[in-house]
Amino acid sequence: MAASTRHIFGWKALPSLLSQMSNSLVRIPVATLSRPLFTNRTLAPVAGKLKLVSNLHTSACCAVGIPQGPRKFLKNNDVVYPPTPFGEKERHAFVCHAKENIKYSPKKMWYIASLVRGMKIDDAINQLKFVHKKGAVAARETLEEAQALAVKEHNVEYKSNLWISESFVTKGMVIKGMRRHARRRFGTVRYRYCHYFVTLEEGEPPEHYYPHTRHLTGPEMLQQWMEDLRKRNIKFVI
């Protein structure tokens with residue numbers, strides 16, 4: 001024990017440490033350490049050995065605890081808008097919901113989030129039932145929870161009269177681990193988590209969610225061509 005204590009706490013702290021073993025708690029000041037590795041740590045003797053009872057962890061995820069997910073997105077539900085003036089377009093009700101720390105890669109979850117974006121809520125739930133991916137289950141649960149939340153707390157009359165106006169993914173925590181290889185070598189494995197966000201809006205979805213990237217129909221292409229011809233002019237004419 002003396003050799004291990006010397007190795008951890010240094011030679012200078014060893015005499016004062018052994019003299020205080022009779023106390024219930026031993027607090028070692030940082031100034032007495034020759035090689036201080038800890039700051040203001042509390043040690044307790046357990047069965048003749050020293051046991052660190054605070055702030056010593058062997059992995060990065062335990063040292064900081066489980067990180068909290070995003071909180072600003074859900075605060076949109078607490079915003080109270082003034083009444084709509086007479087004659088203006090009525091503001092549709094919406095609800096924001098999120099599912100945090102999903103054990104799934106953000107890059108893989110992006111495809112599922114893009115699939116349901118701009119769809120009606122019932123169509124999106126039915127489509128996700130046929131997607132054989134792990135992230136589809138989490139996305140479907142999030143949509144069902146947001147649908148129930150809209151009816152219960154946001155005064156939406158019909159739960160089917162909703163469409164997905166926002167659906168995106170962000171990166172969550174990443175836990176690093178070790179993976180054994182041949183010839184006594186080790187590699188790093190990363191366990192990735194993600195956060196899934198969704199916004200449901202009351203009413204009918206737009207005809208084209210991405211109007212700037214959609215393909216034009218034949219009559220629309222003809223109309224655009226005619227407008228380009230009418231915009232022509234002759235330059236440098238005296």
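Reader: Let's start in a loop: is Asn-155 buried or exposed?
Author: This is a predicted model, where local features need pLDDT of at least 70, side-chain atom pairs count only at pLDDT 80 or more, and totals for chains, interfaces and linings use all residues. Numbering starts from 1 along each chain as its sequence is written, and side-chain values use heavy atoms, leaving out hydrogens and water. Buried means under 20% relative accessible area, exposed means over 50%, and partly exposed is in between (1.4 Å probe, protein chains only). Asn-155 has a relative accessible area of 70%, so this residue is exposed.

Reader: And what is the phi of Asn-155 near?
Author: Asn-155 sits in the loop between H6 and E5; helices (H or I, at least four residues) and strands (E, at least two) are DSSP runs, numbered from the N terminus. Most residues other than glycine have a negative phi. Asn-155 is a non-glycine residue with a positive value, near 55°.

Reader: Which residue in the loop between E5 and E6 has a positive phi?
Author: E5 and E6 make a hairpin, with five residues between them. The residue in question counts as exposed because its relative accessibility is 77%. Its phi is near 60°, and the residue is Arg-183.

Reader: Let's zoom out. How many helices and how many strands does the protein have?
Author: Starting at the N terminus, the elements go α-α-β-β-β-α-β-α-α-α-β-β-α. That comes to seven helices and six strands.

Reader: What share of the 238 residues is buried?
Author: For the outside, the protein exposes about 17,700 Å², with 56% of it coming from carbon and sulfur atoms; such areas come from the Shrake-Rupley method with a 1.4 Å probe, and for residues only the protein chains shown count as cover. As for the inside, the buried share of the 238 residues is 27%.

Reader: In what order do the three strands of the open sheet come?
Author: The edge strands are E4 (94-102) and E5 (162-180), each pairing on one side only. Strands count as paired if DSSP finds at least two bridges between them; E4 and E6 run antiparallel and are joined by seven bridges, while E5 and E6 (residues 186-202) are antiparallel over 16 bridges. One of the matched positions puts Arg-179 opposite Gly-187 in E6. The order is E4-E6-E5.

Reader: Which helix packs on that sheet?
Author: Neighbouring strands here are turned by 10° against each other on average, direction ignored. The helix touches E4, E5 and E6, and its direction makes about 170° with that of E5. Axes for these angles are lines fitted to C-alpha atoms, for helices over the stretch in contact, and the angles run from 0 to 180 degrees between N-to-C directions. The helix, residues 106-116, is H4.

Reader: Over what arc do the buried residues of H4 spread?
Author: In H4 the buried residues are Pro-106, Met-109, Ile-112, Ala-113 and Val-116. They lie on the same side of H4 because they span an arc (taken from the directions from the helix axis to the C-beta atoms) of only 115°.

Reader: And which exposed residues are on the face of H4 turned away from that side?
Author: On the buried side, H4 packs against E4, helix H5 (121-128), helix H6 (134-153), E5 and E6. The face turned away carries the exposed pair Lys-107 and Tyr-111.

Reader: Which residues does Ala-98 contact beyond its neighbours within four places in sequence?
Author: Ala-98 is in strand E4, and it counts as buried because its relative accessibility is 14%. A contact is heavy atoms within 4.5 Å. Beyond those sequence neighbours, Ala-98 touches Leu-74, Thr-142, Tyr-196 and Phe-197.

Reader: I always check cysteines before adding DTT. How many disulfides does a search of the whole structure find?
Author: Cys-96 counts as buried because its relative accessibility is 2%, and its bridge partner in E6 is Thr-199. Cys-194 counts as buried too, because its relative accessibility is 0%; this residue of E6 stands opposite Lys-171. With a disulfide taken as a pair of cysteine sulfur atoms within 2.5 Å, the number found is zero.
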